[in-house]
Amino acid sequence: MFKDKYVMGTCYYPEHWDRELWDSDIDRMLDCGISVIRIAEFAWNFFEPEEGVYTFDFFDDFLRLCEKKGMKVIMCTPTATPPAWLTGKYPEVLTSDIDGNKYKHGGRRHYNYNSETYRRFCSVITEKLALHYGDHKAVIGWQIDNEFNCELDEFYSEADTRAFRIFLKEKYKTIDELNRAWGTSFWNQTYNDFEEISVPARIPTAHNPHQMLDYHRFISGSVLSFCKLQSDILREHIRPGAFITTNGMFGYIDNHRMTGESLDVYTYDSYPSFAFGLKKESWVPKGLKDRHWSRNLTEVRSICPHFGIMEQQSGANGSVGGMEGPAPRPGQLTLWAMQSVAHGADYISFFRWRTACFGAEMYWHGILDHDNRDNRKISEVKSFHEKLQKINEICGSDFEAELAYLTDYDNEWDTADDIWHKDLNDVSSESIFLFTQKNHIPYDYVFFNDKTGAEDLLRYKYVIYPHPVLMDEKRTEVLYEYVRRGGILIVGAMSGAKDLRGHCVMKPGPGLLSKLTGSDVKESTFVHENDEGMTASDGKRVFDMPLYNEILTVKEGEENALKAAFYDSGYYKGEAALIENSVEKGKVYHLGGVFSEENLKTLSELIGMKSLTEDIAEVPEDIEAVLRSKGEKKYLFLLNYMFEPEFAVLKCEAEDLFTGERVSGRVEMKPFEVRVFKL
Ligand code: GAL
């Protein structure tokens, strides 16, 4: 986002406080190193208190003060909370629940992306703001809306049905083609006209899975077009150099495409204490809970390698209506903010400056509490800023990984309506995360799309594509090219079982992928309860084979494929569980199951995949190790998420960037401590 230096910010709501506080608030922020604030994302009424009446006085006053004091500002379009005058007079802008009942005014995100009326009002307010503040010296960037698809990610209003029909007409051209794609001869669902189709509604049994897949693609399209509507207007009027972003990462949005089409930079909102659950009984710390945010940040990095954190947790989660969360313990605020930095954030903006004294989130704590006194959190923010200054040379560096975790939106969204696919995917994605974290084998997510080529994959020695159930020729060709040129590809069960419409293919598994895998799936089954503890072996190693098993063989005529492991028990004892195939310079491994921490360990031994930091340091499982590089220089982040001290051993001499000391050998990591070494 800022690329050459780390910048610290906060979220501020001038409309929540007496004006008398503005001055001292900005001074106190600057004093602790906060140089950017985000404002106005829920403040539509302050700009348009009545339809067509625009007033900028309030924010003009505030921005004048910011300019005078040298505080920079990210301005927001306020479209996440439509005013009451708008929803009252034009109720069609409200979104609806699955039964078509309109939500009432109140809360937030109660609007509808596809309402023509809402889009018109949003265009006008965006344009007014862009014209008024587009050149303002204090305004360095713009946030569109706030957290698309947070709270709701399925929409059922009449405007959605109208837009869904247009989406389908554009996609299928004729109703016959749609009937084929949706397999409507099943359960007598044939349509004679696009006008007969609506967004999914409450029905007595399962929805048509092909319709659901298209519906979820449609939702993403709706968000993208709503975002682009605003970004095009901003782009036309704001100063060149001012950036456009949006924040959050929620369901059914192709964030990669949205960023490419509409944004300069992507920002994420990071609240790791959600990992401890919101119920008191689950507040017990266990390893890797908040470390799961590293998985989210890995996904963010795939969208935008140098991203921003628009909201970084600084206090307890708390919403009056149903969220109770623990406050970050001393050191945890810094740990979580450094977790973001280690994964590629160069802008860290804490949510929020001060806890609100009114409203639904008055227990959602910010840096300052209601009493407005300096506290341990503000001291930590200050010292975090001092730390950032000491590691500024790392800004703009690259995250190091030899492993890519390949996925794609078609497959991700298919899991919403296909429980088989979901079960397999959930187990594998969690296991891959846990195994790679504990063994310090960091990965990058790569989201397969039309632009992905073999070169994108060849940056990685290993690619794991756990369950590419939906597959097409084009993707198969890219994978083939990756392997042919030396890549090592690993796939699991149900691979290639469907086409992109979500129909099961009438081909032996793994469908199109058998060209690469050299395998043939004779039969498959969820593991029977009597077969729990199912394993396979290759004579030397044991592969754990839980949940789902495919009985594999070598595809007829394949000369370079071999059976690499065999089931140890059950009615398919002795049959193959793993096929290894050589394709020119590369290799493909087809494991007939889901990935578990145990079988990933065995597979890693087989393919020689090792810890990235093995030659640099001995790092215990409880510490996350992140390696970043800039030219010849390498930097090692060690992050201790545990409530107890931990120890690592540096195998070479390195400079501790926080203390300036040269260290080697055993290094202590205090609870929640982060250490950064220049190697
Ligand atoms: C985010 C949101 C903020 C605030 C915060 C704490 O989801 O963008 O407006 O609600 O969480 O709940």
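**Exercise 1. Cys-395 and its closest cysteine**

Determine why Cys-395 forms no disulfide in this predicted model.

*Solution.* Begin with the closest cysteine sulfur, which belongs to Cys-304 and lies 12 Å from the sulfur of Cys-395. Next, recall that a disulfide requires two cysteine sulfur atoms within 2.5 Å. The separation of 12 Å is therefore too far for a bond. Finally, consider the surroundings of the residue: Cys-395 counts as buried, at 2% relative accessibility.

**Exercise 2. Cys-76 and the disulfide count**

State how many disulfides the model contains, and establish which cysteine sulfur is nearest to that of Cys-76.

*Solution.* With the cut-off of 2.5 Å, the count is zero disulfides. Cys-76 accordingly takes part in none; the nearest cysteine sulfur is that of Cys-11, at 8.3 Å. Cys-76 has a relative accessible area of 0% and is buried.

**Exercise 3. Cis peptide bonds**

Locate the peptide bond between Phe-351 and Arg-352 and the one from Gly-509 to Pro-510, and describe each.

*Solution.* The bond joining Phe-351 and Arg-352 is cis, with omega about -20°. Arg-352 falls in the loop between β10 (345–351) and α12. The bond from Gly-509 to Pro-510 is also cis, and its omega is near 0°. Pro-510 is placed in the loop between β15 (488–491) and α17 (514–517).

**Exercise 4. Lys-173**

Decide whether Lys-173 is buried or exposed, and give its phi.

*Solution.* Lys-173 sits in the loop between α6 (158–172) and α7 (175–181). Its relative accessible area is 61%, so Lys-173 is exposed. Although Lys-173 is not a glycine, its phi is positive, at about 65°.

Definitions and conventions: Residues numbered from 1 in each chain as written. Predicted model: local features only at pLDDT ≥ 70, side-chain atom pairs only at ≥ 80, totals over all residues. Heavy atoms only, no water. Buried < 20%, exposed > 50% of the residue type's maximum accessible area, 1.4 Å probe, protein only. Helix = DSSP H or I, 4+ residues; strand = E, 2+ residues; numbered from the N terminus.
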